[in-house]
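Me: Here is a structure to go through by question and answer. Keep the replies brisk, please.

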Amino acid sequence: MKILALTVMVLVILSPSFAAPTEVVDTAVGAACDAKQLQPCLAAITGGGQPSGDCCAKLKEQQPCLCGFAKNPAFAQYISSPNSRKLLSACGVPYPSC
């Protein structure tokens, strides 16, 4: 009984340290959707600057996943921000209609 109680306590203590997943398999498109791939776009999204070529390339790769990111509470604020709309436009990627 003590082992069970100790195990539960360890799980409760460690549970907040587990990070939210950034990779999701979108079954509708059959692609591995990985929000970490959009890291080169972070400065343009948060600061409103011009996107780099690497950012646009990664954005185009992850384009089928944008609806999934928009529905994920961890990423929705970034996808729906005004800077994201500017970023998508600058990269020639249409805003997702989910």
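**Burial, fold and cross-links**

Reply: Of the 98 residues in the protein chain, 28% are buried, where buried means under 20% relative accessible area, exposed over 50%, and partly exposed in between (1.4 Å probe, protein chains only). This is a predicted model, in which local features need pLDDT of at least 70, side-chain atom pairs count only at pLDDT 80 or more, and totals for chains, interfaces and linings use all residues. Residues are numbered from 1 along each chain as its sequence is written, and side-chain values use heavy atoms, with hydrogens and water left out.

Me: Which pattern do the helices and strands follow along the sequence of the protein chain?

Reply: Helices (H or I, at least four residues) and strands (E, at least two) are DSSP runs, numbered from the N terminus. The protein chain has 6 helices and 2 strands. Read along the sequence, their pattern is α-β-β-α-α-α-α-α.

Me: Among contacts between residues at least 6 apart in sequence, what percentage join residues at least 24 apart?

Reply: A contact means heavy atoms within 4.5 Å. The pool holds contacts in the protein chain between residues at least 6 apart in sequence. The share joining residues at least 24 apart is 56%.

Me: What percentage of the exposed area of the protein chain do carbon and sulfur atoms supply?

Reply: Accessible areas come from the Shrake-Rupley method with a 1.4 Å probe; for residues, only the protein chains shown count as cover. The protein chain exposes about 6,600 Å². Carbon and sulfur atoms supply 64%.

Me: Which side chains meet in a salt bridge?

Reply: A salt bridge is a side-chain nitrogen of Lys or Arg within 4 Å of a carboxyl oxygen of Asp or Glu. A search of the whole structure finds 1. Its partners lie 3 residues apart in helix H3 (residues 53-61), so about one helical turn separates them. At 3.9 Å, N to O, the pair is Lys 58 and Glu 61.

Me: Is Glu 61 buried or exposed, or partly exposed?

Reply: Glu 61 has a relative accessible area of 49%. That value makes Glu 61 partly exposed.

Me: How many disulfides does the count come to, and what pattern do they follow?

Reply: A disulfide is a pair of cysteine sulfur atoms within 2.5 Å. The count comes to 4 disulfides. With bonded cysteines counted along the chain, the pattern is 1-5, 2-3, 4-7, 6-8.

Me: Is the link of Cys 33 and Cys 65 left-handed or right-handed?

Reply: The sulfur atoms of Cys 33 and Cys 65 are 2.1 Å apart. This disulfide links distant parts of the chain, 32 residues apart: Cys 33 in strand S2 (residues 31-34) and Cys 65 in the loop between H3 and helix H4 (66-71). Both Cys 33 and Cys 65 are buried. With -80° about the S-S bond, the link is left-handed.

Me: Where does Cys 55 lie, and is Cys 55 buried or exposed?

Reply: Cys 41 and Cys 55 form a disulfide, with sulfur atoms 2.0 Å apart. Cys 41 sits in the loop between S2 and helix H2 (42-47), 14 residues from Cys 55 in helix H3. Cys 41 is buried at 1% relative accessibility. At 0% relative accessible area, Cys 55 is buried.

Me: Is Cys 98 buried or exposed?

Reply: Cys 98 is joined to Cys 67 by a disulfide (S to S 2.1 Å). Cys 67 lies in helix H4, and Cys 98 in the segment after helix H6 (82-91), 31 residues apart. Cys 67 is partly exposed, at 23% relative accessible area. With 58%, Cys 98 is exposed.
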